[in-house]
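Visitor: I would like each label in this structure justified by its value. Can we go through them together?

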Amino acid sequence: MSQTHPFKPIFDKNSKILILGSFPSVVSRKLGFYYANPQNRFWRVLAGILNASVPTSTDEKINFLIASRIAIYDAAISCEIKGSSDAKMTAIEPANLEPIFSGARIAQVYANGGKAYEICKKYLEDEILKATKNVVIKLPSTSPANAKFSIDKLASEWSAIAEVLK
């Protein structure tokens, strides 16, 4: 079933890094915000590497991102998808990142998982390189489907973000 991305990107003029997921999960689409599935480790990992409290409400999450100079969005603006599985994504239409790049000072783009990275490499690489002068960096997915990565291993891999934000 064809789905259109339901959320706006989160960023402001001070955003320094951009984290791109693949496409919102069924739970996130239902609850109306990024990484809303409580089993997804995104918010816990980010808070952990930035020594912050884990944000819970949508407003807290937005404020946390803005205060941390982190922009988030997804690499696909629409796709055919069954359930939440990235492996089931087809007919992918890439997101337009220009509003983020023109409205913020993004220095580095990170892909949250393999599918987001694949979409970036296939459709968005030139735009990302032109805007940041850096290639997109693949991070292990915070999805509960990526069970082989413990929260500690995710935090270790994702800690590169904290270095860029210093």
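Guide: Start with charge pairs. This is a predicted model, and a search of the whole structure finds four salt bridges.

Visitor: What makes Lys-115 and Glu-118 a salt bridge?

Guide: Their closest N and O atoms are 3.1 Å apart. The cut-off is 4 Å between a side-chain nitrogen of Lys or Arg and a carboxyl oxygen of Asp or Glu. The pair therefore qualifies. Being three residues apart in helix α5, the two are separated by about one helical turn.

Visitor: Why is Lys-115 called buried?

Guide: Its relative accessibility is 15%. Buried means under 20%, so the label holds. Its partner Glu-118 has 44%. Partly exposed runs between 20% and 50%, so that label fits Glu-118.

Visitor: How do you know that Lys-121 and Glu-125 form a salt bridge?

Guide: Their N to O distance is 2.3 Å, and the limit is 4 Å. Both residues lie in helix α5, four residues apart, about one turn of the helix. Lys-121 has 32% relative accessibility and counts as partly exposed. Glu-125 is partly exposed too, with 24%.

Visitor: What makes Glu-157 and Lys-153 a salt bridge?

Guide: The N to O distance is 3.2 Å, against a limit of 4 Å. These residues are four apart in helix α6, so about one helical turn separates them. Glu-157 has a relative accessible area of 34% and is partly exposed. Lys-153, at 40%, is also partly exposed.

Visitor: Why does a spacing of three or four places suit a helix?

Guide: An α-helix has 3.6 residues a turn, so residues three or four places apart point the same way.

Visitor: How do you know that Asp-74 has no salt bridge?

Guide: The nearest side chain of opposite charge is Arg-29, 8.7 Å away. A salt bridge needs 4 Å or less, so Arg-29 does not qualify. Asp-74 is nevertheless buried. Its place is in strand β3, residues 70-74.

Visitor: What makes a polar contact for the side chain of Asp-74?

Guide: The side chain of His-5 does, at 2.7 Å. The backbone nitrogen of Gly-21 also lies 3.3 Å from a polar atom of the Asp-74 side chain. The limit is 3.5 Å, so both distances pass. Residues touching Asp-74 include Phe-23, Tyr-34 and Ala-95.

Visitor: Why is β2 called largely enclosed?

Guide: Five of its five residues are buried, so the rest of the structure largely encloses it. Ile-17, Ile-19 and Gly-21 point one way, while Leu-18 and Leu-20 point the other way.

Visitor: How do you know that β2 pairs with β3?

Guide: The two share five bridges, in the parallel sense. Pairing needs at least two bridges, so they count as paired. Ile-19 has Ile-72 as its bridge partner in β3. β2 also pairs with β6 in the parallel sense, over four bridges. There, Ile-17 stands opposite Gln-108.

Visitor: What makes helix α2 mostly covered?

Guide: Six of its eight residues are buried. They are Phe-42, Trp-43, Val-45, Leu-46, Ala-47 and Ile-49. The cover includes β2, α3, β3, β6 and α6. Just after α2, Asn-51 takes a positive phi of about 50 degrees.

Visitor: Which residues have the most contacts inside the largest nonpolar core?

Guide: Leu-18, Ile-19, Leu-46, Leu-97, Trp-158 and Ile-161, in a core of 49 residues. The largest share of this core, six residues, comes from α2. Among the contacts of Leu-18 are Ile-72, Leu-97, Phe-101 and Val-109.

Visitor: Why is Ser-53 called exposed?

Guide: Its relative accessibility is 63%. Exposed means over 50%, so Ser-53 passes. It sits in the loop between α2 and α3.

Visitor: Why is Thr-132 called buried?

Guide: Its value is 8%, and the bar is under 20%. Thr-132 lies in helix α5. A polar atom of its side chain is 2.8 Å from the backbone oxygen of Ile-128. The side chain also reaches the backbone oxygen of Asn-134 at 2.9 Å. Both fall within 3.5 Å, so both count as polar contacts.

Definitions and conventions: Residues are numbered from 1 along each chain as its sequence is written. This is a predicted model: local features need pLDDT of at least 70, side-chain atom pairs count only at pLDDT 80 or more; totals for chains, interfaces and linings use all residues. Side-chain values use heavy atoms; hydrogens and water are left out. Buried means under 20% relative accessible area, exposed over 50%, partly exposed in between (1.4 Å probe, protein chains only). Lys and Arg count as positive and Asp and Glu as negative; His and the chain ends are not counted. A polar contact is a pair of N or O atoms within 3.5 Å; within protein, one must be able to donate a hydrogen and the other to accept it, and residues adjacent in sequence count only if both atoms are side-chain atoms. Contact means heavy atoms within 4.5 Å. A nonpolar core is a set of buried Ala, Val, Leu, Ile, Met, Phe, Trp, Tyr and Cys residues joined through side-chain atoms within 4.5 Å.
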